[in-house]
Amino acid sequence: MNYLSAENISRNIGERWVFKSLFFGLQKGEKVALIGKNGTGKTTLMETLMGMQSPDEGKISIRKGIRVGYLPQNPIFSENEEVLNYLFSDDLPSAMAIKAYEKAMISGDAKELEDSFALMEAHNAWDYEARAKQIITRLGIPDGDQKVSTLSGGQKKRLSLAKLLIESPDIMILDEPTNHLDIETIEWLEGILSGPNVTVLVVSHDRYFLDKICTKMFELSQGSLYTYDGNYAYFLEKKAEREASEASSISKAKNLYRKELEWMRKQPKARGTKAQYRIDAFAETEEMAHRKPDDSKLELAIQMSRLGNKIIEINGLKKAWGDKKIINDFTYTFKKKDRIGIVGKNGAGKTTFLQLLTGLEKPDAGTIDPGETLVVGYYTQIPFDFKPEQRVIDTITEIAEVIPYGKNESLSPSQFLSKFLFPTAQQYTPVAKLSGGEKKRLQLMRVLVKNPNFLILDEPTNDLDLDTLQLLEDFLSDFQGCLLLVSHDRYFMDNLVDQLILVEGEGEVRFFNGNYTDYRISLENQTDTAPAAKVNPVKAPSTVASPQLTKGPKLSFKEQKEFEELEAKMAHLESEKTGLMEQLNAGSEDFQVLTRLAQEIEVIKNSLEEMELRWLELSERA
């Protein structure tokens with residue numbers, strides 16, 4: 001069943017066609033990746049499909065009754081919007097019922113409770129609410145009465161994703177949905193989007209995510225759309241074939257163009273005219289002959305400052321925010337060519353750990369002692385600040401007028417920008433006019449221009465296109481300094497690190513020798529009941545390898561017994577909840593009785609949710 005059709009759509013911005021004469025459709029259950037370099041118009045195309053921009057030519061048709069939901073790259077909210085009001089808008093009756101119920105629970109007003117329960121029953125919203133709570137919990141959404149304006153950029157992105165998943169539209173158009181999610185949550189999201197009736201059009205840089213979810217690829221390149229039936233690996237193969245074929249066609253067109261141009265310049269004989277079909281064919285040949293293949297590539301060949309024997313020595317590091325422990329007694333000495341990934345859930349303290357290393361945060365106890373030759377390049381999740389009128393080239397000249405590059409070579413800021421795919425004309429435009437991915441590429445430039453020998457990268461893959469990501473990966477593979485990497489991109493992490501630091505919350509920090517896939521396999525094949533070893537102190541200049549994380553336990557006897565009893569407990573609570581619901585629905589003139597029943601039901605529901613999560617955790621290990 002066809003859900004959406006785009007017929008001959010074109011979009012022009014200024015003097016440039018972002019895309020022209022596109023034909024495509026989305027069928028029920030299709031999962032399509034939209035791929036293209038930063039600045040090629042992926043976001044413009046998605047906003048055009050959503051009606052946020054109007055096509056200059058052609059039309060977009062959506063089947064009657066089909067709901068379309070959009071997750072933007074950078075969601076925008078009303079200034080005074082509350083989390084609860086945003087999550088449950090007035091568009092859906094079930095959402096309105098849940099919002100009324102949640103507000104009644106907060107206020108405790110008996111009449112509101114009675115009315116909200118009746119509304120929940122009328123719209124059969126209990127299952128909807130259970131699903132919503134699961135999504136809210138998984139994505140770490142803050143309290144419902146909190147102002148959205150107080151949230152961080154990552155929280156806002158997760159809030160927007162939560163709303164979309166709760167509403168469950170027929171078509172989901174997603175712009176970088178994995179940004180600001182930890183790896184476990186990404187794997188959970190993969191499970192939701194893989195459903196047979198879920199229709200998805202997604203922009204993502206996460207190659208494992210694309211391979212797991214998508215069975216069709218749309219490539220947007222130089223204003224045209226190319227379709228590939230298959231996963232991301234198949235797309236790479238067929239794209240190379242297409243580009244080779246296109247280069248051959250351009251070469252042939254150039255030879256034919258020279259001959260036809262000579263014919264066009266000749267005057268026709270008396271009482272004669274040139275054949276119109278040949279004139280039309282010449283126009284097509286001319287267009288092909290002047291087409292330039294998209295062969296622009298990012299160049300990364302920066303010099304690295306000399307790195308001495310002493311890099312960073314950490315002893316007895318401790319950090320907490322109030323009662324929440326972030327790091328408790330961490331000791332480690334970094335060695336040359338260390339390639340370490342940092343893994344942990346959102347909020348566990350990964351970014352805090354990086355800020356301690358870079359001096360942006362102060363430890364509560366312990367020492368961080370850097371070497372004299374250390375030059376740190378720190379790429380953060382937070383975009384760099386720029387003035388509205390600041391030009392692209394100004395962001396580089398304010399750091400350096402001359403940039404060492406390659407072997408015994410120096411570049412001007414303009415030459416350096418050209419290496420990073422910022423042509424001369426774009427260098428003098430305001431930074432504000434760049435796409436999200438282009439801003440991230442510029443931010444990466446500002447880190448590399450200092451010629452660091454210790455790179456600390458916090459989610460560097462967010463918003464970068466796949467071509468840039470591959471080149472960054474190649475550069476980091478050859479980087480001779482130390483690399484410390486936080487990334488939810490499992491493919492990127494697997495190819496670049498050989499050790500992991502596991503930040504597990506409550507101050508627990510552990511080492512694992514291997515990449516992320518090795519770690520996941522070790523968890524799945526747990527046989528040893530001993531807990532993972534803590535990091536042992538390493539005194540400089542020792543070269544003792546970091547201790548390996550021992551494999552996690554299977555169910556203990558006590559946990560096995562707990563697992564067997566949980567189902568019976570959940571069934572008992574469900575029965576108790578049903579009885580209370582019947583009493584509540586029977587009504588009463590005593591509002592205190594109604595309030596007590598509502599509160600008891602809420603307590604049981606919360607207990608059931610905790611038991612279900614525990615049951616799922618134990619069942620996976622069992």
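The legends below describe close-up views of a predicted model.

**View A. The open sheet of 6 strands and its edges.** In this predicted model, the strands of the sheet follow the order S14-S17-S18-S12-S19-S20, and their pairing is mixed. Strand S14 (376–379) and strand S20 (508–513) form the edges, each of them pairing on one side only. From one strand to the next, the twist averages 15°. At the S14 edge, S14 and strand S17 (residues 454–458) are joined in the parallel sense over 4 bridges, and Gly-377 has Leu-455 in S17 as its bridge partner.

**View B. Helices H16 and H18 lying across strands of the sheet.** Helix H16, which spans residues 466–478, lies across strand S12 (339–343), S17 and strand S18 (482–486), and its direction makes an angle of about 145° with S17. Helix H18, made up of residues 516–524, lies across S12, strand S19 (499–505) and S20, and runs at about 60° to S19.

**View C. The packing of helix H3 against helix H4.** Helix H3 (residues 93–107) and helix H4 (residues 110–122) pack with their axes 9 Å apart and at an angle of about 155°; because angles over 145 degrees count as roughly antiparallel, H3 is described as roughly antiparallel to H4. The crossing of H3 past H4 is left-handed. Residues of H3 that make the contact include Met-96, Ala-100, Tyr-101 and Lys-103, while those of H4 include Glu-112, Leu-113, Phe-117 and Met-120. The residues of this contact between H3 and H4 divide into 11 nonpolar, 2 polar and 2 charged.

**View D. The surroundings of Arg-490.** Arg-490 belongs to helix H17 (residues 490–496), and with a relative accessibility of 5% Arg-490 counts as buried. When its neighbours within four places in sequence are left aside, Arg-490 is in contact with Ile-183, Ile-186, Glu-187, Glu-190, Asp-206, Tyr-208, Phe-209 and Tyr-516.

**View E. Positive phi at Ser-21 and Asp-463.** Ser-21, found in strand S2 (residues 16–27), has a phi near 55°, which is a positive value in a residue other than glycine. The relative accessible area of Ser-21 is 37%, so Ser-21 is partly exposed. Asp-463, located in the loop between S17 and H16, is likewise not a glycine and has a positive phi of about 75°. With 11% relative accessibility, Asp-463 counts as buried, because the cut-off for that class is under 20% relative accessible area.

Note on methods: Residues numbered from 1 in each chain as written. Predicted model: local features only at pLDDT ≥ 70, side-chain atom pairs only at ≥ 80, totals over all residues. Heavy atoms only, no water. Pairing = 2+ DSSP bridges. Helix = DSSP H or I, 4+ residues; strand = E, 2+ residues; numbered from the N terminus. Axes fitted to C-alpha atoms, helices over the stretch in contact; angles between N-to-C directions. Contact = heavy atoms within 4.5 Å. Parallel < 35°, antiparallel > 145°, perpendicular 65-115°, else oblique. Left-handed = near helix turned anticlockwise from the far one by under 90°. Nonpolar A, V, L, I, M, F, W, Y, C, P; charged D, E, K, R; others polar. Buried < 20%, exposed > 50% of the residue type's maximum accessible area, 1.4 Å probe, protein only.
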